[in-house]
Amino acid sequence: MLLIHCPHCREDREEEEFHYSGEAHIVRPLEPENLSDEEWGDYLFFRKNPRGIHHEMWHHTAGCGRYFYATRNTVSYQILETYMVGEKPQHTADSAGASQ
Amino acid sequence: MKAVNRLGSGARTDSAKTINFTYNGKPLQGVAGDTLASALLANGVNLVGRSFKYSRPRGIVGHGAEEPNAIMQIGSGAGTVPNLKATQVELYEGLEAASVNGWPSVNFDLMAITGWFGRLMPPGFYYKTFMYPAKLWMTYEHFIRKAAGLGSSPVQNDPDSYDKLNQHCDVLVIGAGPAGLTAAREAARAGARVIIADEQSEFGGSLLASTDIIDGLPATEWLDAIVAELQGFANVQTLPRSTAFGYYDHNFVGILERRSDHLGLTAKTGARQRLHRVRAKQVVLAAGAFERPLVFAHNDIPGVMQASSVSTYVNRYGVAPGNDLLLFTTNDNAYQTAIDWHNAGRTVVAVVDSRLNPTGERVAAVTALGIQVMAGHGVIEAQGGKRVKRALVAQLNAEGTQVIGPVTKIACDLIASSGGWSPAVHLSSHTGAKPQWDASIVGFRPGKSQQQERSVGACGGTYTLRGCFEEGASAGAQAAMLAGFGDDSLMFPVPEVLDIQEQPQQALFLVPHTKSTSRAPSQFVDLQLDVSASGIELAVREGLESVEHIKRYTAMGFGTDQGKLGNINGMAILANALGQSIAETGTTIFRPSYTPTTFGAIAGRDVGELFDAERYTAVHRWHVEQGAMFEDVGQWKRPWYFPKQGETMQEAVDRECLAVRSSVGILDASTLGKIDIQGPDAAEFITRMYTNSYLKLAPGKCRYGVMLKEDGMIFDDGVCACLAENHYLMFTTTGGAAAVMAWLELWKQTEWPDLQVYFTSVTDHWSTATITGPNARKVLAKVCDDLDLSADSFQFMDWREGTVAGAKARVFRISFTGELSYEINVPAHYGRHVWEALMEAGEEFDITAYGTESMHVLRAEKGFIIVGQDTDGSMTPADMNMDWVVNKNKAFSFIGKRSLERSDSVRENRKQLVGLKTLDGAEVIPEGSQIVFDSKQQIPMSMQGHVTSSYYSANMGHSIALAVVKGGHSRLGQTVYCPLANGRTIAAEIVSSVFYDPQGERQHVE
């Protein structure tokens, strides 16, 4: 069971309090009507499934009720950081690759 | 029966205190400190079970979690526990034990006949035999289970209670042997909060059976002192009888503490077991090692045991499990068993050592006792029926791969074997650390740490006592420092012990026989599941290569012992058959649980009434008093129907439905989700979420909306009311309330943080009474005098604030029945008062309380959908014939809009909502029935849709159904068929989904 730091509550809390809410940083297209079915389909359905660094959304459902982002290693399940919506991650696949 | 093998008191038993117990109904005596296994051995009981596949007699082999054979059913009645290992069951007065396999008894086992056909049951037998025909599987399975035994579950409810504890600590030490004890002591002295857990009844691990001298004291005395020292620390929690069964992410460890199992099933001292959910900053694994048995022909006959187990029974329990011992070893370490046996006053027939020239200190000590050491030899076969009678010993080549000398028969009744040790890498494997083969210790060491943990002592591959102490102490200090305590320096001197010079062991995983492996008598690798060396080789010949596949094909390591004894030998034999190194072959992955964990402990208190929270409305007690039947909707208890004396459900529902359409009914609608939405951008936000627009919705007005997911599929529906400028109340479905709330928050927080809008769940704040029917207005008028209820003033889809029965109320004129309806919302604690006032006011109109079933029938008569019943996450508004609710001209591309134009969303032949009218009006189609167009076609038929809602409608006088049918909107008037599971077919005509009052005139009551 993961131990997750909620950046809003500023506490480490058990995974049971949270809901995973999918991949982070997917921006909704501003003009959906101007997209082809294929482009819209990419936005709707296609998600990264990386082996390693992944940025994801979490919802502190049984806590403050707020969403935040986490950078998690999908191999080790290590959470490298959690950060606010609107912020950029400090750890990325590129930075992890560079540091190895 | 006399305890023929009792030597007297052992280091941890007291022979003056006898304990009575029964085994298979026979009364026996053990002593205080015994396990069930040591007590059975003391009484000369060596046959304790039958093997899984061949039903061969099996005896006690080990002394702990590794035991594969002595599987027992303990106790009887509601508290009975199946499949416990006798080696881990502490003896208590009155204990009832029974062997679990062996039918009709272990001594006379009918199933042993399958032993004669052993060659007919090769590995993969189940796959090969039972794949086809599939329907016979149930028959086979029944027979196999009966034959296999493996205990029986209690049929009554568990009378015991169990607790879960959430724990936090700085340093968690798993295992309280020499390494764990010193680790805990160093961490404790540094000031860290320490938990130390051990699966045995008392701390000490290998020290409990040790004859070593530590700091000038016998090992067991030194042990008592350090345990007392640990217990003296305020910052140390000691947990004996506590098995760390799983190591999960982020240093989360599950520990099962058995609190009263050792006191007997009737001893009630609070919770029987506790599940400690421990989040540790640092973990020290000191889980020890398992001795590896040697694999020779018929090594499964009772009387073949682990060398260390023989020593443990002698030293710790004062029990000698036999008379004439033959020790078979590949290492110096096991010579201690010969010394212990000799000192117990029994005969060591010989020590057989596979090495050519053993000369270590223990070897010399054994030779000095006058015991014959047969170097360069091996036990190639054991002989005997239900007990070992002799060993066949022969000279081996230097590599231990061939018999090169004549075979000698040596009489003995006990063969102790030792093929070295295998570190207990299980918990470190749980973290994802892949065990690494290390030829220098002939074993797998824990892989690179993936979490904040380190393995010390035997589970890290260090077997000397001094090494265990040193590693334990340093790891304890280091773990404490990393957790923020101390500076990594040792606070205590490392305990002083005598070093014993040892020579290297030999790697010997399969002892050769004069015959080839496939021809030799079975050489067992996994005793519990009857996996033999020849079986593994056969699996390789049949083309299997991966260790994981071989495991599943042969079932090696699948038993309740999870292959703790046999796996390494099996992998080595596999590697040899594949012509690979062991490192290349690798191991299977160990996963939780390390040992079986009871469901009771996992469930804890979350059973019965506490299994899940129940939510009640403010009027709940009234419903109960009226004899309502309840339906679970999410966590809510909703009245389902209100049967009067002697009424069936159908009769009650018919009466309720007729009452609504003829006079007036009342429904408790408090469970509908309610979200209060405020802010300058509230209207804009709501308009983005629903398919229609709320920008021009005036205060006092309501609008029905449908919410889509971004894929265009219906997600929720409900009415949204404008309470005031920038202030709205959104109703959601009962089951969807939490999901809708999270959905709104998701978009607001992550996509449009710039919008000023705020959401508050107010579901529980309001009690909602819906009165509906032609007389609804007359009822309301009697309890509300500050609202103009006239049809012109208070119109359909209006809401008003007023006073109902003295309570401040929000009254919504919205309808889910098609009748004139008022949904009266009052603060929850006025709920019952207002409800009863409405009942009283409605008495003259015979107001009828109705439940969810009638609500479903009434709305189906009108063709109103229920999200989640008539939709399933793949339905667009158009599919539901609800294009009217979609406003495609809104400025903002609302959630899901673009998806409605996707090629798949506009495809013809989508499943579309229609009504079904059975040709026989009395016939109600089962919900979920599949729909076909041609009932005469071959099976499998081409399925064209399914029935989503189906009822008998008393108002219509016939059954009604809603269904989704491919291209249904253009198939009105066609006949479709619902083939039922029983072979019957129901024919129905596709009709409009609106059965009742299609013009919607009913709610315009003057």
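Strand β1 of chain B, covering residues 14-23, runs antiparallel to β2(B), and the two are held in register by seven bridges. One of the pairings puts Ile19(B) opposite Gly30(B), its bridge partner in β2(B). This is a predicted model, so everything here is read off computed coordinates.

Zooming out a little, β1 and β2 belong to an open sheet of five strands in chain B, and going across the sheet the order is β2-β1-β7-β5-β6. The pairing in this sheet is mixed. At the two edges sit β2 (26-32) and β6 (81-85) of chain B, each with a pairing partner on one side only. Neighbouring strands don't line up perfectly: on average they are turned by 40° against each other, ignoring direction.

Now for chain B as a whole. Its secondary structure adds up to 23 helices and 49 strands, and its C-alpha trace spans about 115 × 70 × 55 Å along the principal axes. Of the 1006 residues in chain B, 53% are buried. Looking at contacts with a separation of 6 or more, 67% come from residues 24 or more positions apart.

Chain B is split into domains as well. Domain 1 takes in 14-133 + 140-148, domain 2 takes in 162-286 + 423-482, and domain 3 takes in 297-416 + 505-514. Then come domain 4 (516-593), domain 5 (673-764) and domain 6 (906-1006). Domains 2 and 3 of chain B have their centres 32 Å apart, taken over C-alpha atoms. Where these two meet, four residues of domain 2 of chain B are in contact with seven residues of domain 3 of chain B. The domain 2 side of that meeting point has three nonpolar residues, one polar residue and no charged ones.

What about the inside? In soluble globular proteins, nonpolar side chains tend to be buried together. Here the largest nonpolar core has 172 residues. Those with the most contacts inside this core are Met72(B), Val171(B), Val194(B), Leu326(B), Leu327(B), Val379(B) and Ile415(B). Helix α11 of chain B (residues 465-482) gives the most to the core, with eight residues. Leu327(B) is a handy one to look at up close. Setting aside its neighbours within four places in sequence, Leu327(B) is in contact with Ala307(B), Ala334(B), Thr337(B), Ala338(B), Val348(B), Val351(B), Val352(B) and Ala416(B). There is also a second, separate core of 104 residues, which includes Cys722(B), Phe894(B), Ala961(B) and Val976(B).

That leaves chain A. Chain A has two helices and six strands, which follow the pattern β-β-β-α-β-β-β-α along the sequence. The C-alpha atoms of chain A fill a box of roughly 45 × 35 × 20 Å along the principal axes. Buried residues make up 19% of its 100 residues. For contacts in chain A between residues at least 6 apart in sequence, 53% join residues at least 24 apart.

Finally, the two chains touch. On the chain B side, 22 residues are in contact with 21 residues of chain A. Helix α20 of chain B (residues 737-751) gives the most to this side, with six residues. Sorted by class, the chain B side that touches chain A has nine charged, eight polar and five nonpolar residues.

Notes: Residues are numbered from 1 along each chain as its sequence is written. Chains are lettered from A and ligands numbered from 1 in the order in which they are written. This is a predicted model: local features need pLDDT of at least 70, side-chain atom pairs count only at pLDDT 80 or more; totals for chains, interfaces and linings use all residues. Two strands pair if DSSP finds at least two bridges between them. Helices (H or I, at least four residues) and strands (E, at least two) are DSSP runs, numbered from the N terminus. Axes are lines fitted to C-alpha atoms, for helices over the stretch in contact, and angles run from 0 to 180 degrees between N-to-C directions. Ala, Val, Leu, Ile, Met, Phe, Trp, Tyr, Cys and Pro count as nonpolar, Asp, Glu, Lys and Arg as charged, and the others, Gly among them, as polar. Domain bounds come from an automatic or database domain assignment. A residue is buried if 20 or more other C-beta atoms lie within 10 Å of its own, exposed if 12 or fewer, and partly exposed in between; C-beta atoms are placed from the backbone. A nonpolar core is a set of buried Ala, Val, Leu, Ile, Met, Phe, Trp, Tyr and Cys residues joined through C-beta atoms within 7 Å.
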